[in-house]
Every structure is written in C-alpha cells, then in structure tokens.
Amino acid sequence: MSEFVLEQQTVAVEPQPKERIRRLVWKMCIATLILMAIGSATRVMNAGLACPDWPLCYGELVPTKQMNLQVFLEWFHRLDAALIGVSAIALSGISWWYRRFLPGWLPWAATFALFLIVFQGILGGLTVTQLLRFDIVTAHFGTALLFFTTLLIIGTVLTPYQGTGNVGKLHWIGLVASVLVYIQSLLGAVVGSRWALHQCFGGYQLCGVMYTHIFGLVPPTVATLALVFVAWRTPALHPALRRLVNMAGALLLLQLLIGVATFRLHLQVEPLTVSHQAIGATLLGTLVAFTVLAWRDSVTNYGNISYPLDIAPSIKGS
C-alpha cells in the first residue's frame, strides 16, 4: 500500500536485486488481493465445487467443454493462485541467490512467504476434496490474509523511506488495530463459510455465529478510529503516514456502510458481499503498511538524524 503513497525522495541507488525484489513483491500483493476477491466471488456464487476435482478441473487444464460462469470463477481462482505460487518460488530463489547484497532477514521472510503459499495450496485442495468444510475454508482465507500481510511487510520495509521521528506510540496503536481487523476478518470468514447469515434469517440457526461477527466489529473500529484521531493530532507526521491513516479511516467508513447494506439485503447482492471482503482486506493492508512505516520511523530516527533501516541497529548497538 505504501508504495503508492510515498512521495519521491532523494535516496542512494539501490542494488538491482533489491529493486527487482521490491517490484515483484508489490505485484504479488496486487495479485493476492485480486485472488481473495475472486475467492469471495467463488463462494457467494456457489462455485466452490464447480470443478469437482483438484488440481485439474474436470481432468483438464482448461475445461472448455464445461466452461460457464461458475466453472470459470473456480478455474481462474486456481490459475491466479498458481501464478502467485510460481512468483513466490521466484521470490525465494532470487532472495537466496543474491543474499550477499540483501538484508539478512529478506531470504528468510521470502521463504516464510513461500511456505504460506504452499500451505495455502494444500488447504485449497482440501476445500474441494472435503466438500467446503467450514474450518478448512476459514483456514484457507486466514492463510491468504497472512500471506498478503507478509508480502506487505516485505514490500513496505524495502520501500525507500526517511522518517520524521514524530510517530510517538502510533506504531503500537497501528499494530493493535491490524491484529483486531485480522481477527474480525477471520470471524467474517466463519460466518461466510457456514452461511450463518442465511441460516439465521431462514431458520434462526447459527445466529450466535452471525452476532459474534457483528458485535466483533466494535474493537477493530475503536482501534482504527483511535489511530486516525491520534494521527490527526500528531504534529509533523510524515505525509505518507498521514495519507495512509486517512485511507484507513475512509476504508473503515466504507466497510461499515457496505456491511450494513449487506446485512439489510440478506446477502442477496453478490457484488456487495465481494466488495465487503475485498475492502476488509484492503483496510488490513493499509493498517499493516502504516504500522511498518511508523515502526521504521520510531526505530531508525535518533535525534534529528535519519538513518537507513539496514544500518540503524548497528548504530544503536555502538
């Protein structure tokens, strides 16, 4: 997220591998966000089992004879996931190959991202073979969010940034808000995977699951609003951080409005349901990017001098 809001800054020319990795990571972030949106569309369109087998679809790479909207959604979801998987392999390989020119943490972070996408692929297969079992579907979505945030952290740390040293405790507030939004997203995944809203309206079943998600929005909403309020009252905050926190506030408001509309319309408007999940993931990503930049701001600034992230710890130790 922060890649698109940071201003142009005068920085030293980075090694080519680092630049290449950063660009790859941001492309993977966008692809993963699209993947989660397609996954949501697959669920609300009842297309989760449109391809009855896995990893192929009707025993073919491209099921042209059986192709319809539902099959296309499931097939394209798998295609996007496969492309992200290949990208994750490339990210890990490049990071280890050029490890002498990169921060020491980067190859390990890339390897963790690769582990997550492999685990995600296994869960994707189990969602089909286990006929959309709700706990597997929830874990599938939760792992996707974790993979997405991992990429965001990598990309945000690699993005050139020179802080102002005026973040105060904003990085801690951002961290709390990010964790709470992630938990709320998991609660939403449980509601969706168990069709709790439909069952509650139809036969008063699983209403407790539905209300857990509804009342669960209070803590992340309060935390995000607190972040916005404190950031507005923080003088000389970096413009990138100010734009990110304004974006988080706008996304929160939009998410609440869409959530109310989705509830009142009983999930009958599929684009609203898909948008609800996509905006929730975008809100989480914005909070994560803000938190990482704010953390960099708090760690890498000493007095009135700003140091690059890679050398700040050594300076502090000396």
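Me: What is the volume of the largest pocket in this predicted model?
Reply: The largest pocket has a volume of about 1000 Å³.

Me: What makes a residue part of the lining of the largest pocket, and how many residues line it?
Reply: A lining residue has an atom within 4 Å of a pocket point. For the largest pocket, 44 residues line it. Glu74, His77, Gly124, Thr127 and His140 lie nearest its centre.

Me: Which elements build that lining?
Reply: α1, α2, α3, α4 and α5 each give two or more residues. The largest share, 9 residues, comes from α2.

Me: Why does Gly124 count as polar?
Reply: Because the classes place Gly among the polar residues. By class, the lining of the largest pocket has 24 nonpolar, 16 polar and 4 charged residues.

Me: What lies nearest the centre of the second largest pocket?
Reply: Gln184, His213, Gln255, Gly259 and His276, out of 33 lining residues. The volume of this second largest pocket is about 780 Å³. Its lining has 18 nonpolar, 14 polar and 1 charged residues.

Me: Why can Leu91 be called buried?
Reply: Leu91 belongs to the largest nonpolar core. Core members are buried by definition, so Leu91 has under 20% relative accessible area. That core has 59 residues. Ile21, Phe147, Leu151, Leu241 and Phe290 are also among those with the most contacts inside it.

Me: Which residues does leucine 91 touch, leaving aside its neighbours within four places in sequence?
Reply: Leucine 91 is in contact with Ile21, Leu24, Val25, Met28, Ala110 and Leu151. Each therefore has a heavy atom within 4.5 Å of one in leucine 91.

Key. Residues are numbered from 1 along each chain as its sequence is written. This is a predicted model: local features need pLDDT of at least 70, side-chain atom pairs count only at pLDDT 80 or more; totals for chains, interfaces and linings use all residues. Side-chain values use heavy atoms; hydrogens and water are left out. A nonpolar core is a set of buried Ala, Val, Leu, Ile, Met, Phe, Trp, Tyr and Cys residues joined through side-chain atoms within 4.5 Å. Buried means under 20% relative accessible area, exposed over 50%, partly exposed in between (1.4 Å probe, protein chains only). On a 1 Å grid over the protein atoms alone, a cavity is a set of points where a 1.4 Å probe fits but cannot get out, and a pocket is an open set with protein on both sides within 12 Å along at least five of seven lines; lining residues have an atom within 4 Å of a point. Grid points are joined across faces, edges and corners, and a volume is the space filled by probe spheres set on the points. Helices (H or I, at least four residues) and strands (E, at least two) are DSSP runs, numbered from the N terminus.
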